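Morning, everyone. Please have the sequence and the 3D view open, and follow along as I talk.

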Amino acid sequence: MALLTTEATILKTYEYSETSKILRLFTRDAGLCSVIAKGARRPKSRFGGLLEPFTDGVATFYVKEGRELHTLSGFELGCERQTLGGQLVRYAGAGLLTEIVLRFAASTADERLFAQLRRGLDRLVDEQGDLERAILEETWRLTKSLGFAPSVDACSVCNEPPPADQVTHFDLANGGVVCNRCRPQVNHPNLLRLAPEERAELAELLSEAVGRHLGRVEGGQTQRRLLREFIAYHLAEQRPLNSFRFLEGRLG
Ligand SMILES: [Zn+2]
């Protein structure tokens, strides 16, 4: 049995017995891990009230070889982000980011994904501008960190940039835009129509350029649908994310 100390973000918690909690953690050194925090639900627990979703800290736990559930021995608080719970849209966005990591990350270290999740959660705590934009941008970045990035500037078949005023299609299977010339060659049902302004807005949401436009998202429903269907196609194997439904209910 080895003792591991690693930075960790709490993704989800479950009550376990009268007194304990099970935590799903995303750790810097070991990726996804499940740990049991014994006694965490007792009023005078040594863990205090810290063990809640979206909290960062340094976790120490005993790793049992061949077992899925490890035993937490300590959790040193880094950043608790409990203000997310006070606003439903922020909370829904944070829930989406953590559900994506919970569903699609592996039990191995992934520095890029680890850093991106923390950046995304911090932005949802601090964002002063359009929250929907922040959620869409951070969710696309997390998806990119998992290795899935759509191309919107050039056609995914001929590689030419479509004219700015052209109505194009978004090809979920190939993960990119298809121009009108190539469209007849793409013969499957996973095409979503994209008006020129919708394509421009998608490109902007995917851009990480400093100084980009940061105003309100105009076509929120379309952009949410593109993101949702892209994730469903590439990651979720048609098992929809619960947090997406919750978020859409909050944004209307
Ligand atoms: Zn083309």
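Let's start with a small sheet. It is open, it has three strands, and their order is 7-6-8 with antiparallel pairing. Which strands stand at the edges? Strand 7, residues 176-178, and strand 8 do. Each has a single partner strand, so one side of each is left without a neighbour in the sheet. Neighbouring strands here are turned by 35° against each other on average, ignoring direction. Keep in mind that this is a predicted model.

Now look at one pair in that sheet. Strand 6 and strand 8 run antiparallel and share four bridges. Find F170, and you will see it opposite L192 in strand 8. A quick reminder for the newer people: strands of a sheet pair through backbone hydrogen bonds, and they do so either parallel or antiparallel.

Next, the barrel. Five strands close into it, in the order 1-2-3-5-4, and the pairing is mixed. By how many degrees are neighbouring strands turned on average? The value is 50°, again with direction ignored. Take strand 2 and strand 3 as a sample pair. They are antiparallel, over seven bridges. I22 stands opposite I36 in strand 3. Helix 1, residues 88-104, packs on this sheet and touches strand 1 and strand 2. The direction of helix 1 makes about 115° with that of strand 1.

Stay on helix 1 for a moment. G95 sits in this helix. Is G95 buried or exposed? G95 has 24 other C-beta atoms within 10 Å, and the cut-off for buried is 20 or more. So G95 counts as buried. Leaving out residues up to four places away in sequence, G95 touches S243 and F246. Now compare the chain start. G95 and M1 are 94 residues apart in sequence, and their C-alpha atoms are 33 Å apart in space.

Let's step back to the domains. The domain assignment gives domain 1 as 2-80, and domain 2 as 83-149 plus 195-251. Their centres, taken over C-alpha atoms, are separated by 25 Å. The contact takes 14 residues from domain 1 and 15 from domain 2. Which elements give two or more residues to the domain 1 side? They are strand 1 (2-16), strand 2 (20-27) and strand 3 (31-37). On that side, seven residues are nonpolar, two are polar and five are charged.

Now to helix 5, residues 220-236. Its buried residues are Q223, L226, L227, F230 and I231. Why do they line one face of the helix? Look down the axis of helix 5: the buried residues fall within an arc of 120°, so they line one face. What covers them? The cover includes helix 3 (131-145), strand 6 (168-171), strand 8 (191-194) and helix 4 (196-206). Just after helix 5, E237 takes a positive phi of about 45°.

Last stop: L241. You will find L241 in the loop between helix 5 and helix 6, which spans 242-251. L241 has 21 C-beta neighbours inside 10 Å, so L241 counts as buried. Who touches L241? Not counting residues up to four places away in sequence, the contacts are L96, E99, I231 and A236. Of these, I231 came up earlier, among the buried residues of helix 5. And one distance to finish: L241 and C158 are 83 residues apart along the chain, with 33 Å between their C-alpha atoms.

Notes:
Residues are numbered from 1 along each chain as its sequence is written. This is a predicted model: local features need pLDDT of at least 70, side-chain atom pairs count only at pLDDT 80 or more; totals for chains, interfaces and linings use all residues. Domain bounds come from an automatic or database domain assignment. Two residues are in contact if their C-beta atoms, placed from the backbone, lie within 7 Å. Ala, Val, Leu, Ile, Met, Phe, Trp, Tyr, Cys and Pro count as nonpolar, Asp, Glu, Lys and Arg as charged, and the others, Gly among them, as polar. A residue is buried if 20 or more other C-beta atoms lie within 10 Å of its own, exposed if 12 or fewer, and partly exposed in between; C-beta atoms are placed from the backbone. The arc is that of the directions from the helix axis to the C-beta atoms. Two strands pair if DSSP finds at least two bridges between them. Axes are lines fitted to C-alpha atoms, for helices over the stretch in contact, and angles run from 0 to 180 degrees between N-to-C directions.
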